[in-house]
Amino acid sequence: MTNNKYKILLIEDDANIRSVMTAMLETAGYQVHLADSCGFGKILYTSHQPDVVILDLGLPDMDGMHFLSFVRQDSLTPIIVLSARSDDRDKVLALDAGANDYVTKPFSSAEFLARIRMVLRNYQHRSDSGKLPGGKFRMRDLTIDYDARQIFIGEQEIRLSQTEYNIVALLSEHCGKMMTYSAIIKGVWGYPDEGSTKKLQVNMANIRKKFGVKPGDSWYISNELGVGYRMNGEKEE
Ligand code: CA
């Protein structure tokens with residue numbers, strides 16, 4: 001037994017899901033703490049300081065959104081929201097309230113474990129440096145030189161407009177996190193207006209084209225329609 005296992009706090013009131021997920025997480029080597037309500041979740045969160053929280057939104061005592069804002073008052077601990085709600089508005093609300101990612105039941109365990117690794121990696125990346133990276137971002141054959149504002153695939157430079165570059169740089173700074181349209185718009189343009197989402201989508205289409213991505217190809221950035229974009233920290237199955 002190692003004592004440097006990552007601790008996961010799972011807040012879920014459905015006993016079946018709790019036991020399936022516990023088995024999955026423990027098999028993957030995580031140490032799991034369980035709570036069946038928002039109130040108990042807060043107690044365990046404070047006493048155990050988990051590395052990742054998996055949070056159901058529909059809880060018996062309070063909405064899981066309360067837990068989200070409780071943690072986000074003073075911590076960036078990764079939170080993956082788990083919910084039966086498939087409504088895009090709920091996803092957007094949870095992401096804008098500080099959730100790192102969102103998984104809708106039912107989900108595949110391979111996908112779910114990949115999401116956990118991704119938020120862990122992104123969090124460590126940020127806490128190692130204390131702030132966003134200066135210098136260079138590297139992932140597989142993608143390199144972003146933040147100082148020179150240049151992007152390369154292998155040796156080849158991808159020439160982007162200022163706005164296109166800002167979008168890719170912003171996503172890379174939050175690599176692994178699903179960013180909502182409004183969070184990206186705020187980060188790139190500073191203000192939302194009526195045409196913002198359309199403007200973002202047009203820019204994203206141009207970026208894809210310049211990266212040489214064909215429709216249906218998986219690449220560095222995934223899009224969840226109606227929600228937002230994510231730069232993938234690792235290849236998703
Ligand atoms: Ca529930």
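In which sense do β11 and β12 pair, and over how many bridges? In this predicted model, the two strands pair in the antiparallel sense, and four bridges connect them.

**The three-stranded sheet**

β11 and β12 belong to an open sheet of three strands, in which the order is β10-β12-β11 and the pairing is antiparallel. The strands β10 (179-180) and β11 (221-224) stand at the edges with a single partner strand each, so one side of each is left without a neighbour in the sheet. β10 is joined to β12 (residues 228-231) by two bridges; Met179 has Tyr229 in β12 as its bridge partner, while Thr180 stands opposite Gly228. On the β11 side, Ser222 stands opposite Arg230 of β12. The hairpin of β11 and β12 has three residues between the strands, and Gly226 takes a positive phi near 80 degrees there.

In a regular strand the side chains alternate between the two faces of the sheet. For β12, both faces are covered, since Gly228 and Arg230 on one side are buried, as are Tyr229 and Met231 on the other.

**The calcium site**

The calcium ion is coordinated at 2.2 to 2.4 Å by Asp13 (OD), Asp56 (OD) and Gly58 (O), and the spacing of these donor residues in sequence is D-x42-D-x1-G. Because Asp13 lies in the loop between β1 (7-11) and α1 (15-27), whereas Asp56 lies in strand β3 (residues 52-56), the pair ties together parts that are 43 residues apart in sequence.

**An aromatic cluster**

Eight aromatic pairs are found in the structure. In one of them, the rings of Tyr45 and Phe70 have their centres 6.2 Å apart and their planes at 75 degrees, an angle over 60 degrees, so the pair counts as edge-to-face. This pair links distant parts of the chain, with Tyr45 in helix α2 (residues 38-48) and Phe70 in helix α3 (residues 64-72), 25 residues apart. Ring pairs also bring in Phe67, so that Tyr45, Phe67 and Phe70 are linked into a cluster.

**Accessibility at the two sites**

The table gives the relative accessibility of two calcium donors and of the two rings in the edge-to-face pair.

| Residue | Relative accessible area | Class |
|---|---|---|
| Asp13 | 34% | partly exposed |
| Asp56 | 3% | buried |
| Tyr45 | 6% | buried |
| Phe70 | 25% | partly exposed |

At the calcium site, Asp56 is thus buried, whereas Asp13 is partly exposed; in the aromatic pair, Tyr45 is buried, whereas Phe70 is partly exposed.

Notes
Residues numbered from 1 in each chain as written. Predicted model: local features only at pLDDT ≥ 70, side-chain atom pairs only at ≥ 80, totals over all residues. Heavy atoms only, no water. Pairing = 2+ DSSP bridges. Buried < 20%, exposed > 50% of the residue type's maximum accessible area, 1.4 Å probe, protein only. Donors = N, O, S within 2.8 Å, 3.2 Å for Na, K, Ca; no water. Phe/Tyr/Trp six-rings, centres within 6.5 Å; stacked < 30°, edge-to-face > 60°.
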